[in-house]
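This report describes selected features of one protein model. Please examine the sequence and the structure shown below before reading on.

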Amino acid sequence: MHRLIRFSLLAGCLVPALAVAEPVSHPSTIEHHQLTLELLPDSHQLIATDRVTLSGGASDQELAFSLAPALQLDRVQDVTHCQDPCESAPEVAFERDGSTGQSEPRRVILKQPVTGQGGGVVRLKFSYHGVIDDPPRDPRHLRFVTPSETSGHIGPEGVYLSSESQWYPDLDGSLATYDVTISVPEGWTAVTQGAPQSDPAHWVVPTKSEALTVVANRFVVKSRSWTAKSGQSIRLATYLFPDEASLADEYLDASARYLEAYIPLLGPYPFSQFAVVENFFSSGLGMPSFTLLGSGVIKRHYTQPYALGHEIVHSWIGNGVFNRMSHGNWVEGLTTYLSNYYYHELVGDEMQAREQRRLMLMGYSVYVRPGDEYPVKQFAQKRDEKDNAIGYQQAAMVFHALRQEVGEAVFWRALKQIPEQYLGAVADWSDLERTFQEAAGRDLRWFFAQWIERAGAPDLVLSGLRLQPLHGNSGQANAIEAVVHIAQQGLPYRIPVELEFILTEERTHRVRIQLSKAQEDVIVPLAERPMAVRLDPDIHLFRRVARSELSPMLNLYVTDAQRTVVLPRASSDQPNPFADIVQRITAQEASKPAAERTTVRQAEESAGPMPAGSLLVLGGPGENSPVTEVLRYCGDRLRFTDKGFAVEGKVYEGATMALLLSCRRDDHPGSVVTLLYGVTPQALTRVARLLFFYGWQSYVVFHEGAVVARGDWEDRMIAEVRIETR
Ligand SMILES: [Zn+2]
């Protein structure tokens with residue numbers, strides 16, 4: 001058994017939360033840890049004692065504690081019947097198993113049964129010391145930021161001890177409270193969960209947690225006593241390095257703003273402190289009562305809803321109510337829904353809220369290819385963009401569908417009941433289903449079966465609009481019926497969807513209809529003749545959008561099954577920023593089967609017809625003849641000038657300008673042609689390095705590597721059909 005840490009990635013940053021291990025078969029669990037911890041960064045050492053309180057009538061059964069093999073266990077004492085310091089309490093014999101294989105976690109096994117009187121509480125004191133020295137390694141990824149990898153580190157650059165470090169004795173499945181006293185060298189501050197007491201080295205964690213994370217560094221500490229409108233008092237704090245200390249108020253203000261927004265929705269904040277803590281390696285980790293962010297992230301003002309807002313929602317969802325990954329992961333979907341998406345609705349920004357819904361459909365449609373889907377319930381943790389699209393975005397939109405299904409009042413009432421009922425405990429999808437079902441007072445099994453247990457998403461085709469005289473004409477003059485034909489690809493979903501009839505240039509009429517069949521003629525009475533009908537104009541329904549209907553962008557190139565890079569003619573006297581791009585692509589694809597790799601072509605070889613699939617053309621018209629293909633697909637959107645280029649007629653000229661632009665290959669539906677062009681090679685140096693961060697837009701114009709213009713060609717996400725004329 002080992003502890004599980006969930007790493008997840010959103011908007012380029014990682015947002016992990018704790019998850020709970022499998023339930024234990026034996027009844028003994030740790031209820032409470034009373035830890036004293038001395039950290040010696042210069043020698044990578046810790047010296048510790050942990051008095052653990054066991055419940056479950058600690059038993060005749062074998063107790064096997066996890067503890068890092070690098071830590072030397074000096075003694076175990078039975079302190080059930082004595083008061084501190086218990087120096088003379090009886091010792092308990094133990095052995096360490098797992099002598100086979102270094103990588104296996106080794107257990108501390110007590111060689112004699114410990115039994116409380118009448119099967120009651122047992123207290124054991126562990127005294128141990130040792131070295132934890134696993135310096136963070138920077139993982140290399142082409143497309144996104146991931147956390148540096150470490151199982152824990154004590155060193156002069158900082159201390160990070162997580163559940164993976166196994167730095168204190170633990171029993172699998174325990175949810176415990178903690179009392180910790182941490183001593184650090186002069187000038188250092190330690191931070192952990194819960195809140196500091198009058199002695200700042202003493203921390204109390206009264207809420208049950210699966211694991212305790214401790215960090216320490218030379219922090220500048222700033223704190224604020226803050227009272228929410230609900231009356232709850234919370235200590236807000238920042239622990240930042242001197243270079244970033246001036247950002248403290250920005251983070252404290254944003255923390256207060258999000259707590260004020262989410263307390264009314266989720267109930268009392270589960271802890272007495274919320275802290276933003278700077279990390280000595282790259283991370284975006286959410287712990288109960290604090291978030292641990294790398295310096296790069298802190299510097300970038302990480303206070304957006306998808307960033308700090310997301311971390312704060314995890315205080316309830318994930319770090320207050322726990323998730324059991326072996327039973328699926330609802331925590332990321334709900335957190336994403338409430339922070340990344342719903343915050344915009346909450347502050348009344350409907351434009352941004354709609355944009356977020358659009359991005360969620362787009363993310364799914366780009367990264368989850370038809371046939372590659374898996375059910376939301378199967379998502380456990382994120383390894384790639386596809387997992388993100390299903391486990392975060394699709395799952396978030398499942399909550400949006402649920403809200404539409406049960407209505408506002410029921411949805412928000414049931415949501416608040418989740419922390420009310422499960423704080424300090426685990427909840428699974430089935431618990432959510434029960435909670436919402438009880439609040440709604442009706443069966444929702446079909447809803448959860450459809451949305452989380454089935455792979456895929458609704459895929460609708462709006463294919464016809466005709467008119468007929470109103471059925472059983474009731475005397476209304478001019479009254480007619482519109483007949484709209486809608487097909488569902490694959491197994492049909494039971495879903496509501498909005499239709500918008502365009503009556504005149506200015507006026508529209510909207511109706512909400514229910515779909516449930518593979519082919520349906522939906523009949524809508526209208527007072528006047530419509531010109532056209534549109535499907536789901538505000539994008540409230542989560543569904544698959546065909547690749548050919550999305551705006552062209554680099555990410556369509558990236559996710560195309562067939563990709564070709566066309567390199568410009570080599571010119572030896574110039575620096576070549578393109579070589580670096582190709583090198584990175586090749587390195588990242590090295591482990592893929594040959595058929596899935598990118599084809600690399602030289603401009604000189606490209607005299608014949610261009611291959612099918614998506615093309616990435618590097619360089620301008622002088623150096624890469626296939627640029628003429630780009631011009632053909634882009635039509636009058638792109639034009640080269642003497643000193644630069646023009647996008648949709650707007651001219652950009654000068655040695656510092658560069659362009660990334662994609663157009664549809666209408667002869668290969670779903671594929672694109674993407675151009676990366678710099679007026680000079682120097683204009684591309686920075687762009688080339690960050691190229692894949694600009695994947696969501698049809699065009700991006702750069703000046704000295706900084707974005708000066710960007711935009712999308714129209715998407716066809718909202719299907720529209722005009723009236724059939726006979
Ligand atoms: Zn998250």
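A residue is called buried when its relative accessible area is under 20%, exposed when it is over 50%, and partly exposed in between. Glu549 has a relative accessible area of 27% and is therefore partly exposed. The model described here is predicted.

**Glu549 and its surroundings**

Glu549 belongs to the loop that runs between strand 29 (532–535) and helix 10 (554–558). Its contacts beyond four places in sequence are Arg664, Asp715, Arg716 and Met717. The C-alpha atom of Glu549 is separated by 8.8 Å from that of Ile718, a residue 169 places away along the chain.

**The zinc site**

The zinc ion is coordinated by NE2 of His310, NE2 of His314 and an OE atom of Glu332, at 2.0 to 2.1 Å. Along the chain, these donors follow the spacing H-x3-H-x17-E. The pair of His310 and Glu332 links distant parts of the chain: His310 lies in helix 3 (residues 305–316) and Glu332 in helix 4 (residues 331–346), 22 residues apart. Both His310 and Glu332 are buried.

**Gln273**

Gln273 is located in strand 21 (residues 273–279). With a relative accessible area of 0%, Gln273 falls under the 20% limit and so counts as buried. The side chain of Gln273 makes a polar contact of 2.4 Å with the side chain of Arg235. Apart from residues up to four places away in sequence, Gln273 touches Gly194, Ala195, Pro196, Trp203, Ile234, Arg235, Ala237, Tyr239 and Ser289. Arg235 thus appears both as the polar partner of Gln273 and among its contacts.

**Helix 1 and the nonpolar cores**

Helix 1 (residues 248–266) consists of 19 residues. From its first C-alpha to its last, helix 1 reaches 26 Å, close to the 27 Å expected at 1.5 Å a residue. Gly267 follows helix 1 and has a positive phi, near 90°.

In soluble globular proteins, nonpolar side chains tend to be buried together. In this model, the largest nonpolar core contains 138 residues, of which Leu259, Tyr262, Trp330, Ile486, Leu499 and Phe501 touch the most other members. Helix 1 supplies the largest share of this core, with 12 residues. A second, separate core has 57 residues, including Ile30, Ala48, Val108 and Ala216.

Beyond its neighbours within four places in sequence, Tyr262 is in contact with Gly267, Val313, Trp316, Leu338, Ser339 and Tyr343. Gly267, which follows helix 1, is thus one of the contacts of Tyr262.

Pro264 also has its place in helix 1. Not counting residues up to four places away in sequence, Pro264 touches Leu259 and Lys416. Pro264 and Lys416 are 152 residues apart in sequence, while their C-alpha atoms are 8.6 Å apart in space.

**Salt bridges**

Side chains of opposite charge can pair when their charged atoms come close. A side-chain nitrogen of Lys or Arg must lie within 4 Å of a carboxyl oxygen of Asp or Glu for the pair to count as a salt bridge, and by this rule the model has 38 salt bridges. Three of these pairs are listed below.

| Acidic residue | Basic residue | Closest N to O distance |
|---|---|---|
| Asp536 | Arg543 | 3.5 Å |
| Glu629 | Arg632 | 3.1 Å |
| Glu714 | Arg716 | 3.9 Å |

In the pair of Asp536 and Arg543, Asp536 has a relative accessible area of 2% and is buried. Arg543, at 6%, is buried as well.

Glu629 and Arg632 both lie in helix 12 (residues 627–634), where they are three residues apart, about one turn of the helix. Arg632 has a relative accessibility of 52% and so counts as exposed.

In the pair of Glu714 and Arg716, Glu714 is partly exposed at 41% relative accessibility. Arg716 is also partly exposed, at 33%. Elsewhere, salt bridges that share partners join Arg354, Glu498, Glu500, Arg510, Arg534, Asp538, Glu720 and Arg722 into one network. Arg716, the salt-bridge partner of Glu714, is also one of the residues that Glu549 touches.

Notes
Residues are numbered from 1 along each chain as its sequence is written. This is a predicted model: local features need pLDDT of at least 70, side-chain atom pairs count only at pLDDT 80 or more; totals for chains, interfaces and linings use all residues. Side-chain values use heavy atoms; hydrogens and water are left out. Helices (H or I, at least four residues) and strands (E, at least two) are DSSP runs, numbered from the N terminus. Buried means under 20% relative accessible area, exposed over 50%, partly exposed in between (1.4 Å probe, protein chains only). A polar contact is a pair of N or O atoms within 3.5 Å; within protein, one must be able to donate a hydrogen and the other to accept it, and residues adjacent in sequence count only if both atoms are side-chain atoms. Contact means heavy atoms within 4.5 Å. Donors are N, O and S atoms within 2.8 Å of the metal (3.2 Å for Na, K and Ca); water is not among the atoms, so sites may look incomplete. The expected span of a helix is 1.5 Å times one less than its number of residues. A nonpolar core is a set of buried Ala, Val, Leu, Ile, Met, Phe, Trp, Tyr and Cys residues joined through side-chain atoms within 4.5 Å.
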